Amino acid sequence: MPARLLPSWAWVSGLTVGATAAVVALALQADHGPHPTAAARPGPSVSASPSPGAHRPSTGKPSGPPALPDASGSGRRIVYSLGEKRVWLVDATGKASRTFTVWPGTVNPRPGSYSVTLRTQSLTGSDGVQIEHVMYITKVAGVNVAFSNALDGASPPPANGQKLGGIRVRKADGAALWGFGDLNTRVTVVK
(Lines give C-alpha, C1' and ligand atoms only; values in the text may rest on other atoms or scores of the structure.)
Protein backbone atom coordinates (compact mmCIF):
# COMPACT_ATOMS: atom_id res chain seq x y z
CA MET A 1 0.00 0.00 0.00
CA PRO A 2 1.51 3.40 -0.93
CA ALA A 3 2.36 5.88 1.85
CA ARG A 4 -0.19 8.56 2.33
CA LEU A 5 1.06 12.18 2.46
CA LEU A 6 -0.58 14.76 4.65
CA PRO A 7 -1.82 17.92 2.96
CA SER A 8 0.42 20.99 3.42
CA TRP A 9 -2.17 22.75 5.58
CA ALA A 10 -1.90 19.91 8.09
CA TRP A 11 1.87 20.40 8.37
CA VAL A 12 1.49 24.15 8.87
CA SER A 13 -1.27 23.63 11.45
CA GLY A 14 0.88 21.11 13.32
CA LEU A 15 3.89 23.44 13.37
CA THR A 16 1.72 26.35 14.52
CA VAL A 17 0.20 24.33 17.37
CA GLY A 18 3.67 23.14 18.45
CA ALA A 19 5.13 26.67 18.38
CA THR A 20 2.17 28.06 20.32
CA ALA A 21 2.55 25.35 22.97
CA ALA A 22 6.27 26.16 23.32
CA VAL A 23 5.59 29.90 23.73
CA VAL A 24 2.88 29.24 26.33
CA ALA A 25 5.22 26.92 28.27
CA LEU A 26 8.01 29.52 28.26
CA ALA A 27 5.59 32.27 29.31
CA LEU A 28 4.35 30.19 32.23
CA GLN A 29 7.91 29.40 33.27
CA ALA A 30 8.87 33.09 33.12
CA ASP A 31 5.76 34.03 35.12
CA HIS A 32 6.88 31.73 37.95
CA GLY A 33 10.38 33.26 38.24
CA PRO A 34 13.78 31.89 37.34
CA HIS A 35 14.60 28.23 37.41
CA PRO A 36 15.52 27.23 41.01
CA THR A 37 19.08 26.27 40.08
CA ALA A 38 19.61 29.55 38.22
CA ALA A 39 18.50 31.55 41.27
CA ALA A 40 20.84 29.59 43.54
CA ARG A 41 23.93 30.42 41.46
CA PRO A 42 25.31 33.88 42.26
CA GLY A 43 26.50 35.86 39.25
CA PRO A 44 29.67 37.91 39.23
CA SER A 45 29.42 41.28 40.90
CA VAL A 46 30.69 44.50 39.39
CA SER A 47 33.62 44.41 41.80
CA ALA A 48 34.38 40.76 41.19
CA SER A 49 37.92 39.97 40.19
CA PRO A 50 39.13 36.87 38.41
CA SER A 51 40.30 34.04 40.58
CA PRO A 52 44.07 33.60 40.98
CA GLY A 53 45.53 31.88 37.98
CA ALA A 54 42.58 32.80 35.76
CA HIS A 55 43.65 33.81 32.28
CA ARG A 56 42.46 37.20 31.12
CA PRO A 57 42.82 37.60 27.35
CA SER A 58 44.81 40.63 26.27
CA THR A 59 43.24 42.87 23.68
CA GLY A 60 46.44 44.82 23.11
CA LYS A 61 44.48 48.07 23.62
CA PRO A 62 44.36 50.26 26.73
CA SER A 63 41.12 49.99 28.68
CA GLY A 64 40.20 53.63 28.15
CA PRO A 65 41.50 56.99 27.05
CA PRO A 66 44.99 57.92 28.23
CA ALA A 67 45.17 59.42 31.69
CA LEU A 68 45.82 63.09 32.20
CA PRO A 69 49.62 63.61 32.15
CA ASP A 70 51.40 64.09 35.45
CA ALA A 71 52.67 67.60 36.19
CA SER A 72 50.08 69.18 33.92
CA GLY A 73 49.01 71.77 36.45
CA SER A 74 45.87 72.06 38.53
CA GLY A 75 42.43 73.58 38.27
CA ARG A 76 40.42 74.34 35.14
CA ARG A 77 42.63 74.19 32.06
CA ILE A 78 43.35 72.77 28.62
CA VAL A 79 46.22 70.28 28.55
CA TYR A 80 48.03 69.61 25.27
CA SER A 81 50.55 66.74 25.04
CA LEU A 82 53.03 67.13 22.19
CA GLY A 83 54.14 63.49 22.36
CA GLU A 84 50.67 61.97 22.53
CA LYS A 85 49.14 64.49 20.10
CA ARG A 86 46.22 64.73 22.50
CA VAL A 87 44.21 67.39 24.34
CA TRP A 88 42.38 67.09 27.66
CA LEU A 89 39.70 69.52 28.83
CA VAL A 90 40.08 69.62 32.61
CA ASP A 91 37.36 71.00 34.89
CA ALA A 92 37.89 72.98 38.12
CA THR A 93 38.08 69.78 40.20
CA GLY A 94 41.04 68.56 38.14
CA LYS A 95 39.05 65.86 36.30
CA ALA A 96 39.32 65.53 32.52
CA SER A 97 35.83 65.99 31.10
CA ARG A 98 36.93 65.21 27.52
CA THR A 99 40.04 64.08 25.68
CA PHE A 100 40.79 63.75 21.99
CA THR A 101 43.64 63.42 19.52
CA VAL A 102 44.87 66.29 17.35
CA TRP A 103 46.89 66.87 14.17
CA PRO A 104 49.70 69.24 15.15
CA GLY A 105 51.22 71.71 12.71
CA THR A 106 54.91 71.83 11.87
CA VAL A 107 55.62 74.53 14.49
CA ASN A 108 54.97 73.51 18.12
CA PRO A 109 54.94 75.52 21.33
CA ARG A 110 57.51 74.64 23.96
CA PRO A 111 56.25 72.82 27.06
CA GLY A 112 54.96 75.36 29.55
CA SER A 113 52.00 77.42 30.64
CA TYR A 114 50.01 79.57 28.20
CA SER A 115 46.52 80.99 27.92
CA VAL A 116 43.98 81.59 25.18
CA THR A 117 44.92 85.07 23.90
CA LEU A 118 42.47 85.47 21.01
CA ARG A 119 39.38 83.67 19.72
CA THR A 120 38.14 83.91 16.13
CA GLN A 121 34.95 82.18 14.97
CA SER A 122 36.19 81.39 11.42
CA LEU A 123 38.81 82.35 8.85
CA THR A 124 41.10 80.91 6.19
CA GLY A 125 44.09 79.14 7.72
CA SER A 126 47.66 79.73 6.54
CA ASP A 127 47.36 76.47 4.60
CA GLY A 128 44.38 77.82 2.65
CA VAL A 129 41.77 75.69 4.46
CA GLN A 130 38.58 77.25 5.83
CA ILE A 131 38.77 76.79 9.62
CA GLU A 132 36.58 77.61 12.62
CA HIS A 133 36.77 77.72 16.42
CA VAL A 134 40.24 79.27 16.25
CA MET A 135 41.87 79.74 19.67
CA TYR A 136 45.35 81.32 19.68
CA ILE A 137 47.74 80.42 22.49
CA THR A 138 51.20 81.70 21.47
CA LYS A 139 53.54 82.69 18.66
CA VAL A 140 56.69 80.70 17.82
CA ALA A 141 59.30 82.14 15.41
CA GLY A 142 56.67 84.48 13.95
CA VAL A 143 54.10 81.67 13.47
CA ASN A 144 50.79 81.78 15.35
CA VAL A 145 49.99 78.58 17.26
CA ALA A 146 46.27 77.97 17.61
CA PHE A 147 43.68 75.21 18.01
CA SER A 148 41.10 74.97 15.21
CA ASN A 149 39.03 72.59 13.14
CA ALA A 150 38.45 72.53 9.39
CA LEU A 151 35.01 73.84 8.48
CA ASP A 152 34.35 70.67 6.43
CA GLY A 153 35.68 68.42 9.23
CA ALA A 154 38.60 67.10 7.15
CA SER A 155 42.08 66.44 8.49
CA PRO A 156 44.79 68.85 7.37
CA PRO A 157 46.69 68.17 4.15
CA PRO A 158 50.46 67.54 4.31
CA ALA A 159 52.44 70.69 5.10
CA ASN A 160 54.73 70.50 2.03
CA GLY A 161 57.49 72.42 3.81
CA GLN A 162 55.21 75.18 5.16
CA LYS A 163 55.60 76.46 8.71
CA LEU A 164 52.17 75.86 10.21
CA GLY A 165 51.15 76.43 13.82
CA GLY A 166 47.62 75.14 13.53
CA ILE A 167 46.71 72.35 15.94
CA ARG A 168 43.76 70.83 14.10
CA VAL A 169 41.01 68.86 15.78
CA ARG A 170 37.91 67.03 14.57
CA LYS A 171 34.79 69.16 14.11
CA ALA A 172 32.95 67.91 17.24
CA ASP A 173 36.11 68.31 19.33
CA GLY A 174 36.58 71.83 17.94
CA ALA A 175 33.07 72.77 19.09
CA ALA A 176 33.75 71.29 22.55
CA LEU A 177 37.10 73.09 22.81
CA TRP A 178 35.49 76.38 21.71
CA GLY A 179 32.77 75.98 24.34
CA PHE A 180 35.34 75.19 27.03
CA GLY A 181 38.14 77.66 26.26
CA ASP A 182 37.21 81.25 26.91
CA LEU A 183 39.65 84.13 26.57
CA ASN A 184 42.46 83.72 29.15
CA THR A 185 41.69 80.01 29.77
CA ARG A 186 44.92 78.37 30.91
CA VAL A 187 46.65 76.01 28.48
CA THR A 188 49.36 73.68 29.72
CA VAL A 189 51.64 72.16 27.09
CA VAL A 190 53.55 69.04 28.13
CA LYS A 191 56.04 66.83 26.28
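## The largest pocket and two positive phi angles

Four strands, β5 (118-124), β6 (130-140), β7 (143-150) and β8 (166-169), each give at least two residues to the lining of the largest pocket. The structure you are looking at is a predicted model, so please read the values below as computed from it.

Let us stay with the pocket for a moment. Its space comes to about 330 Å³, and 25 residues line it. Which of these lie nearest the centre of the pocket? They are S126, L164, G165, G166 and R168. Among the contributing elements, β7 supplies the largest share of the lining, with 5 residues. By residue class, the lining of the largest pocket holds 14 nonpolar, 9 polar and 2 charged residues.

Now to the backbone. Most residues other than glycine have a negative phi. Two residues are worth a look here: A71 has a positive phi near 55° without being a glycine, and N160, also not a glycine, has a positive phi of about 50°. The table puts their details side by side.

| Residue | Phi | Loop | Relative accessible area |
|---|---|---|---|
| A71 | near 55° | between α2 (36-40) and β1 (77-81) | 77% |
| N160 | about 50° | between β7 and β8 | 73% |

Are these residues buried or exposed? A71 is exposed, because its relative accessible area of 77% is over the 50% cut-off. N160 counts as exposed too, because its relative accessibility of 73% is also over 50%.

The loop that holds N160 runs between β7 and β8, and both of those strands supply residues to the lining of the largest pocket.

Note on methods: Residues are numbered from 1 along each chain as its sequence is written. This is a predicted model: local features need pLDDT of at least 70, side-chain atom pairs count only at pLDDT 80 or more; totals for chains, interfaces and linings use all residues. Side-chain values use heavy atoms; hydrogens and water are left out. On a 1 Å grid over the protein atoms alone, a cavity is a set of points where a 1.4 Å probe fits but cannot get out, and a pocket is an open set with protein on both sides within 12 Å along at least five of seven lines; lining residues have an atom within 4 Å of a point. Grid points are joined across faces, edges and corners, and a volume is the space filled by probe spheres set on the points. Ala, Val, Leu, Ile, Met, Phe, Trp, Tyr, Cys and Pro count as nonpolar, Asp, Glu, Lys and Arg as charged, and the others, Gly among them, as polar. Buried means under 20% relative accessible area, exposed over 50%, partly exposed in between (1.4 Å probe, protein chains only).
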